[in-house]
Amino acid sequence: MAAGRRFRVDPSLVIVTVLLVAVLIAGFTLSERFGTLRNLMNVLEQAAALGFVSLGQSLVVLVGGIDLSVGAVVTASTVLMAAVVEMNPAWMVPMIPGVLAFGAFIGFINGFLVLRTGVHPLIVTLGTGSVLNGLVLLYTLQPTGGVPYWFEEFAYGRIGPVPVAGLVMLVCFGFVWFFLKYTAMGRSFYAVGGGEESARLSGIDSNRVILIAYTACGFFVALAGAYFVSRTGVGDPRVGEPFTLASITPVIVGGILLGGGKGNVLGALLGVFLISLINNLLNYMDVSTFIQWIVQGLIILVAVSVYVNRERKL
């Protein structure tokens with residue numbers, strides 16, 4: 001009996017894995033270039049930004065929240081890093097941890113406001129995102145700033161065939177997976193997401209857990225911002241816009257329950273690969289970006305329907 005529980009397979013991981021395999025088979029069938037090692041490594045490289053943001057979003061969703069400021073934090077981090085480094089290139093090295101600390105601070109503010117005001121996280125983070133976007137657009141309406149060429153290694157560098165950015169993303173997911181599965185604080189994320197009041201009665205400091213989740217989210221989102229500076233060499237005031245909703249897609253597809261308390265970040269990682277591979281395949285087929293948005297929307301609707309029905313059956 002105990003062995004059965006030990007080797008129990010998460011159904012959500014099975015579902016997203018089957019979808020991933022189906023996309024790979026379709027890609028190998030429809031395009032000769034899709035299945036090459038070079039293309040798959042390019043997909044891993046380009047998936048890094050979505051991976052960082054979705055990882056942060058996963059942590060917030062697990063504790064019962066949601067963060068609609070992630071797109072604005074990506075943009076603000078990108079513009080801040082590029083603008084500061086352009087003023088003095090010698091600040092490039094300290095700005096790497098500096099921009100991550102900036103993202104973590106914004107995440108902390110989000111968590112603090114959610115706890116302090118009692119307003120739904122959707123409204124709070126929408127507000128902080130609007131403030132950040134407004135400040136960025138007051139500063140610049142076009143790409144600005146610049147970074148040294150050596151920083152491009154983060155986005156374009158390779159260790160053998162493996163892209164550095166993709167490797168960093170995998171390490172981040174691995175670290176968070178270990179934290180959630182094998183530490184008391186990580187398990188507290190599930191307890192708080194499953195029922196904040198019940199968690200408090202169990203002796204868990206729910207406020208602390210929520211603050212850590214939002215702070216970590218801001219950290220990982222700012223890492224996506226640093227990736228875009230490395231990739232483009234400038235701070236783009238529009239770069240983060242797609243991620244506000246795009247970051248939620250892998251979370252839902254990966255089986256993390258909206259409302260919190262259930263899910264696996266490995267599912268979110270598979271969701272990132274699924275979305276990235278679909279977009280890559282559609283690009284090879286010369287499908288419009290607008291149709292790609294429609295496909296992502298349909299994936300969300302189908303995933304929500306499947307998981308909601310499964311939860312009701314359970």
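A residue is called buried when its relative accessible area is under 20%, exposed when that area is over 50%, and partly exposed in between, with a 1.4 Å probe and protein chains only. The model is predicted, so local features need pLDDT of at least 70 and side-chain atom pairs count only at pLDDT 80 or more, while totals for chains, interfaces and linings use all residues. Residues are numbered from 1 along each chain as its sequence is written, and side-chain values use heavy atoms, leaving out hydrogens and water.

**Exercise 1.** Decide whether cysteine 172 is buried or exposed, and why its sulfur has no bond to that of cysteine 217.

Solution. Cysteine 172 has a relative accessible area of 12%, and therefore counts as buried. Cysteine 217 is likewise buried, because its relative accessibility is 0%. A disulfide requires a pair of cysteine sulfur atoms within 2.5 Å. The closest cysteine sulfur to that of cysteine 172 lies in cysteine 217, 13 Å away, which is too far for a bond. Searching the whole structure finds zero disulfides.

**Exercise 2.** Check the span of helix H4 (residues 48-62), and place serine 54.

Solution. Helices are DSSP runs of H or I with at least four residues, numbered from the N terminus. The expected span is 1.5 Å times one less than the number of residues, so the 15 residues of H4 should span 21 Å, which agrees with the 21 Å between its end C-alpha atoms. Of the 15 residues in H4, 15 are buried. Serine 54 belongs to this helix, and its relative accessible area of 0% makes serine 54 buried.

Note on methods. Helix = DSSP H or I, 4+ residues; strand = E, 2+ residues; numbered from the N terminus.
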